[in-house]
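Visitor: I am new to this structure. Please take me through one part of it closely: the place where the domains meet.

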Amino acid sequence: MPDVVQRGLEDVVALESKICFIDGHKGRLIYRGYDIRELAEHSTFEETAYLLWYGRLPTGPQLADLTHRLAALRTLPPRVVELVDRMPADSNPMDVLRTAVSALAIFEPGELRPGPSSIGGAQRLTAVLPTILGQFHRRRAGLPPLEPKPSWSHAAYLLYALLDREGSALETRAIDVALILHADHELNASTFAARVTASTLSDLYSAVTSAVGTLKGPLHGGANEQVMRLLAEIDSVDRVETVIKSKLAAHERIMGFGHRVYKVEDPRATILREWSRKIGEAKHDLHYFELLRKVEEIVHREKGLYPNVDFYSGSIYALLGIPHDLFTPIFASSRIAGWTAHVLEEYDDLRLIRPTARYVGSTDLSYVDVGRRP
Ligand code: SDX
């Protein structure tokens, strides 16, 4: 019985998986054998989700069938629409997402009621997350009700759900690439939470509810929104060095930097940096991109840290006009594919996940009646 405490389970190999491989020293990320750079270049979110769920790239008919099925699964049960509509406009959208996913398990129509976890449940939850976000955001923004848009891709539908307009080809591709890049990342905290839940033989909806609650944290998926707050605080390129150095001197974390696994640049940041520039040029607005590049230069010089997936993503979403508090929910609208793929893998090779702790508290104390305690 090893007695070494690995805080945060750092470097602990908890299980074997065929879904995702990360080489933190070479900055490589692979989904089911395919390099993320190839998938980001040539694939779509639907194709990547199929790969994560089934372990192989789909044929043309299989991809068409999945795309059609996801579009057909976008509608929320009326009772969940009512629930979302009753949520205060200033609710955190990640709380809305977590609550609605949890409620879905109760109000799903008969044919969708979550039975034993299946790829059908994975597809349902993947399809419906943008609808939950759109239902909440459009109501608080006074936008017209959502339409299912059955012929639109996941990326196009997500953009429409949040912006009430059809994205341009460039904007839609930017979102599709972001969805590909965020789809999975081995045993990150939210995926681990989903697998722990599934390892007790709890259901898929409970596992995803666990994952959404975990992704919300600023040390995990919540960092993309925090990066935008940092940029707003800095505001101009000539203030970057002063602000960053004072934060580092105060031992503050610079959001969007560092990673538990990558010791070099996160390959997703490399791709998202290019998209941040592309969208900035298309919008004739490089303000965010220039600030981000300067922050990156100073943080790397002062701390030797590299940007992670959350550093550039927010600038892309902001340039499209998406409100900042929807950035982490966009992350969830992609990672749902990875979460559910890992839950299915856990069910296939189930082992209750239950580490141990080294007890360092008191021992051998004697009970004293409450009336005689000092
Ligand atoms: C995601 O796990 C995944 O795969 C996650 C993810 C995914 O796809 O699922 O990749 C998505 O969550 C990306 C990370 C988003 N979070 C942030 O950007 C928040 C800021 N980053 C840090 O909080 C931190 O880098 C973590 C949480 C990401 C990783 O922290 P670790 O591995 O626990 O590292 P650590 O806290 O032990 O730090 C090691 C050293 C420390 O220096 P010393 O105190 O020893 O001198 O690096 C420093 C830290 O202070 N450091 C930072 C820093 N990150 C680490 N210093 C300033 N700013 C930072 N961001």
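Guide: Here is the meeting of the domains, followed by the ligand.

This is a predicted model, in which local features need pLDDT of at least 70, side-chain atom pairs count only at pLDDT 80 or more, and totals for chains, interfaces and linings use all residues. Residues are numbered from 1 along each chain as its sequence is written, and side-chain values use heavy atoms, with hydrogens and water left out.

Domain 1 covers 20–220 + 323–348, and domain 2 covers 223–320. These bounds come from an automatic or database domain assignment. The C-alpha centres of the two domains are 25 Å apart. Domain 1 puts 37 residues into the contact, and domain 2 puts in 30 residues (contact means heavy atoms within 4.5 Å). Together they bury about 2600 Å², with 70% of it on carbon and sulfur atoms. Buried area is the accessible area (1.4 Å probe) that two parts lose on being put together, summed over both.

Now the polar side. The rule finds one salt bridge across this interface (a side-chain nitrogen of Lys or Arg within 4 Å of a carboxyl oxygen of Asp or Glu). Glu171 and Lys283 form a salt bridge through their side chains, at 2.5 Å, N to O. Nine residue pairs are in polar contact between the domains, both at pLDDT 80 or more. A polar contact is a pair of N or O atoms within 3.5 Å; within protein, one must be able to donate a hydrogen and the other to accept it, and residues adjacent in sequence count only if both atoms are side-chain atoms.

Last, the ligand. It is surrounded by 23 residues, the closest being His185, His259, Arg260, Arg268 and Arg335 (near means a heavy atom within 4 Å). A polar side-chain atom of His185 sits 2.6 Å from a ligand oxygen atom. The backbone of Ile254 has a polar atom 2.8 Å from a ligand nitrogen atom.
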